[in-house]
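Got the model open in your viewer? Let's walk through it one selection at a time.

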Amino acid sequence: MKLKFLSVAISLLLLFGCSSNIEGAELAVDLSDIEQMNIGAEMPRLLYAANNIVVMQGTFGVVVFNMKDTVVTNRISYEQIKSYGITMMMAAVSPDGTTIFIGNDNLSMSSNEFIYTHQYDIRTRLIKETTQQPSNLFRPKSIESPGYHEQYDDIEYGTSHNVVELDHSYIYLRSSSWEMKDLQIVHCPFEDGESKVFDVFE
């Protein structure tokens with residue numbers, strides 16, 4: 001009887017205790033691979049920026065950077081998200097900057113509508129499945145190509161293809177090399193003033 005009980009207990013532990021994609025699982029923030037990571041074919045892109053929070057997606061997956069504390073507070077890596085059945089991650093952020101919606105980009109190839117299958121709470125770092133689709137999402141402003149832009153006179157080559165406009169300033173990403181460790185957030189005023197630069201993975 002004891003052996004039978006022990007066998008059942010071990011089975012339950014393997015089923016629930018060792019699963020990384022259980023409901024409400026917390027995703028750890030591990031940046032140990034950034035040092036050796038290249039940017040890839042495209043610059044990381046902004047997903048959200050407001051209230052000292054910047055969310056971006058790149059070959060690192062999705063990260064959240066706190067400009068006030070100058071630290072990466074959250075990360076959803078491609079390796080982590082594989083256990084949720086997502087092999088081509090597409091992410092977007094709620095307008096209030098509290099939730100990241102995640103879906104499988106390859107599922108949209110057979111449909112005109114993209115479906116988000118998971119949502120991630122930035123405050124708690126918890127991820128869970130969802131069937132409810134967001135009614136509204138934060139949309140950064142796309143720019144046709146890096147280089148000189150009259151309204152963004154600080155932007156040069158080696159920058160992201162989108163910006164976030166705030167009340168009196170704008171935010172974009174840049175890198176001095178193709179190494180991910182050199183990625184920076186630049187916060188520029190529209191009028192006279194000094195830009196603030198943040199090293200994302202310092």
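Begin with β6 and strand β7 (residues 99–104), which pair in the antiparallel sense over 5 bridges. Strands here are DSSP runs of E with at least two residues, helices are runs of H or I with at least four, and both are numbered from the N terminus; two strands pair if DSSP finds at least two bridges between them. Before going further, note that this is a predicted model, where local features need pLDDT of at least 70 and side-chain atom pairs count only at pLDDT 80 or more, while totals for chains, interfaces and linings use all residues. Residues are numbered from 1 along each chain as its sequence is written, and side-chain values use heavy atoms, with hydrogens and water left out.

**Stop 1: across the sheet**

Select M89 and look across to β7: the residue opposite is N104. Next, add strand β8 (residues 116–121), which pairs with β7 in the antiparallel sense over 5 bridges. Here I100 stands opposite Y120 in β8. Keep Y120 selected and carry on into β9, where its bridge partner is I127. Strand β9 (residues 126–129) and β8 are antiparallel too, with 4 bridges. The two form a hairpin with 4 residues between them, and R125 in that turn has a positive phi of about 65°.

Now zoom out. You're looking at an open sheet of 5 strands in the order β1-β9-β8-β7-β6, with antiparallel pairing. At the edges sit β1 (25–26) and β6 (89–93), each pairing on one side only.

**Stop 2: V64**

Jump to V64, in strand β4 (residues 61–66). Is V64 buried or exposed? It's buried, at 1% relative accessibility. (Buried means under 20% relative accessible area, exposed over 50%, and partly exposed in between, using a 1.4 Å probe and protein chains only.) Show what surrounds V64: leaving aside neighbours within four places in sequence, its contacts are I53, V54, V55, V71, V72, T73, N74, I100 and I122. Contact means heavy atoms within 4.5 Å. You've met I100 already, opposite Y120. For a distance to check, try V64 to L47: they are 17 residues apart along the chain, and their C-alpha atoms are separated by 9.7 Å.

**Stop 3: S175**

Head to strand β12 (residues 169–175) and pick out S175. This serine counts as buried, at 11% relative accessibility. Its side chain reaches the backbone oxygen of S177 at 2.6 Å.

**Stop 4: salt bridges**

How many salt bridges does a search of the whole structure find? There are 5, each a side-chain nitrogen of Lys or Arg within 4 Å of a carboxyl oxygen of Asp or Glu.

Select D33 and R75 for one of them, at 2.7 Å from N to O. D33 lies in the loop between β1 and β2 (45–50) and R75 in strand β5 (residues 71–76), so this pair ties together parts that are 42 residues apart in sequence. R75 is buried at 4% relative accessibility, whereas D33 is partly exposed at 32%.

Then try E35 and K181, whose side chains meet at 3.2 Å, N to O. This pair links distant parts of the chain, 146 residues apart: E35 is in the loop between β1 and β2, and K181 in the loop between β12 and β13 (183–189). E35 is partly exposed at 46%, and so is K181 at 31%.

Finish with K141 and E165, a salt bridge at 3.5 Å, N to O. K141 is in strand β10 (residues 141–142) and E165 in strand β11 (residues 162–165), so the pair ties together parts 24 residues apart in sequence.

Notes
A polar contact is a pair of N or O atoms within 3.5 Å; within protein, one must be able to donate a hydrogen and the other to accept it, and residues adjacent in sequence count only if both atoms are side-chain atoms.
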